[in-house]
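Reader: Hi! I'm new to reading protein structures, and I'd love a close look at one part of this one. Could you walk me through it?

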Amino acid sequence: MLSFSKSYHYLKSCICFLLIFVWHNQYAQTDLFFDAQRLCNEKKFDEALPIIEKIIIHPETKNDPASWHIRSFAYIQTFKQSLLSATDKIYLLDTAMYSALRSMKLDTAKAYIENNNSFIKNGASSYYKLSIILLQDSLNSVKSEQYYLNYKKYTSIFDPSFDFKQKDINYFNTTGSTFEDLYMRNNFNQKYGDIAKYALLKVLDIDSQNISANINLGILYYNQGATLMRMMDYDVDLAQLDVIQENAKKLFKQSLPFMIKVYQLDPKAEKALESLQGIYSALLDDEKANEFKQKKEALNKK
Amino acid sequence: MKFLLKYSLLLLLAFSSLSFQQQQSFDPAAKVKAAFLYNFTKYFEWPDKMKSGNFIIQIIGTNTNLNQELNKMASSKQVGNQKLEIKTSTSIDASTQPHIIFLLSESSDMLKEINSKYKGKGSLVVTEKNGLAKAGSAINFVVMDNKQKFEYNKNNAVKAGLKTGDGLNSLAIVID
């Protein structure tokens with residue numbers, strides 16, 4: 001059994017210890033925050049990140065907008081230090097964006113609003129750049145679109161009234177023409193053709209009179225029909241030859257409305273005249289093919 | 001800088017329409033006709049004296065795409081043991097005994113002359129103008145529903161000196 005004086009002494013020691021612990025812990029968190037800030041200022045982001053990860057889970061600082069703000073800054077800077085094409089580092093950008101959003105949500109006093117908006121803007125721009133770079137990698141068209149959607153999502157946050165129409169047209173036209181080019185350069189690989197078709201049809205959903213998308217879709221369908229014929233062996237039996245002709249005919253006919261649209265929008269578009277001549281010729285409609293041939297020749301004489 | 005260059009190239013690509021160039025040199029109609037002509041060789045038997053030497057397809061008239069396609073075909077195919085040889089002219093070549101004479105539409109008025117010159121000698125006469133299967137050719141290409149079809153007149157094939165069964169009847173528009 002402890003005597004009263006001993007118990008009192010023991011209790012006093014415990015209280016003192018607890019006070020020291022609480023003070024130290026609080027001081028330690030503040031200390032950690034300043035450490036992280038110092039390391040960020042010295043651009044030592046690799047060293048700052050583990051400290052920041054402690055800050056954002058500590059009860060004292062996890063709801064502080066400054067913690068998430070510094071986290072966003074550190075991650076976006078670390079992402080920038082990696083190659084933009086290194087898409088395996090995309091988690092850094094994702095984390096930076098998530099942190100900026102979290103900071104914005106906690107920042108009721110709007111103390112960090114300007115910086116957070118700037119981080120979001122910066123991140124949106126990086127997603128857009130990545131989406132374009134990924135178009136060059138034929139295996140990443142899905143990721144490219146995903147990053148493009150991220151670009152749109154974050155742009156809407158810092159600029160809610162931004163009109164994406166022209167940007168969408170440019171992005172999907174770029175995707176369409178890139179994959180149409182890949183389709184032609186890779187022995188008319190259907191996979192690339194389908195991606196091009198999907199993107200170009202998206203452009204026409206936004207702007208049905210878009211000349212570039214109409215021309216490229218017309219050419220794509222024509223080329224798919226022509227490919228069926230090109231791949232056909234000369235000694236294909238006659239019944240099969242009829243089936244191939246039927247399938248190619250359907251594709252040539254699908255090509256037609258897109259080229260007619262271009263011609264209607266611009267009757268002097270040489271590309272449309274040339275393409276219509278080719279499509280009608282493939283459809284064995286010599287009269288129509290000649291009509292467009294003559295129109296093209298007349299245009300060239302002027 | 002590198003990104004800007006790539007990006008500019010991509011945008012340039014997006015706004016410059018792709019051309020027909022890669023497939024332009026390819027004429028689907030010519031390929032179909034070449035495949036038909038090759039197939040016809042399976043349905044006829046030529047006289048014994050024509051079973052040696054090259055298998056000659058004579059084109060009368062001008063169709064550059066068809067000529068190219070047939071020459072491409074000749075480089076990869078043969079008829080039995082006979083090599084394919086493609087000849088083109090704008091008039092009848094008296095020095096040649098072709099296995100197939102393809103009279104292009106612009107030369108259709110030569111049909112009568114050809115039939116009298118090659119009657120019974122074993123040349124399959126193919127034309128491509130409406131009504132010519134009735135007027136003397138064994139096979140006449142026609143367009144139906146945007147597809148290449150052919151009319152077949154077996155009597156004219158027999159008159160030309162060829163042996164044939166009824167195999168083509170089910171695939172052709174039969175002309176009596």
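Reader: How many bridges join S2(B) to strand S4 of chain B, and do the two run parallel or antiparallel?

Author: Happy to help, and do keep in mind that this is a predicted model. Strand S2 of chain B covers residues 55–60, and six bridges tie S2(B) to strand S4, residues 82–89 of chain B. The two strands run parallel. To find your place in the pairing, start at Phe55(B): its bridge partner in S4(B) is Leu84(B).

S2(B) also pairs with strand S5, residues 100–103 of chain B, through four bridges. This pair runs parallel too. Here you can look at Ile60(B), whose bridge partner in S5(B) is Leu103(B).

Now think about the side chains. In a regular strand they alternate between the two faces of the sheet. With that in mind, trace S2(B) residue by residue: Phe55(B), Ile57(B) and Ile59(B) lie on one side, while Ile56(B), Gln58(B) and Ile60(B) lie on the other. What would you expect of each face, buried or exposed? Both faces turn out to be covered, with the residues on either side all buried. Counted along the strand, that is six of six residues buried, so S2(B) is described as mostly covered, where buried means that 20 or more other C-beta atoms lie within 10 Å of a residue's own.

To put the picture together, S2(B) has bridges to S4(B) and to S5(B), and its two faces are covered.

Notes
Residues numbered from 1 in each chain as written. Chains lettered and ligands numbered in written order. Predicted model: local features only at pLDDT ≥ 70, side-chain atom pairs only at ≥ 80, totals over all residues. Buried ≥ 20, exposed ≤ 12 C-beta atoms within 10 Å, placed from the backbone. Pairing = 2+ DSSP bridges.
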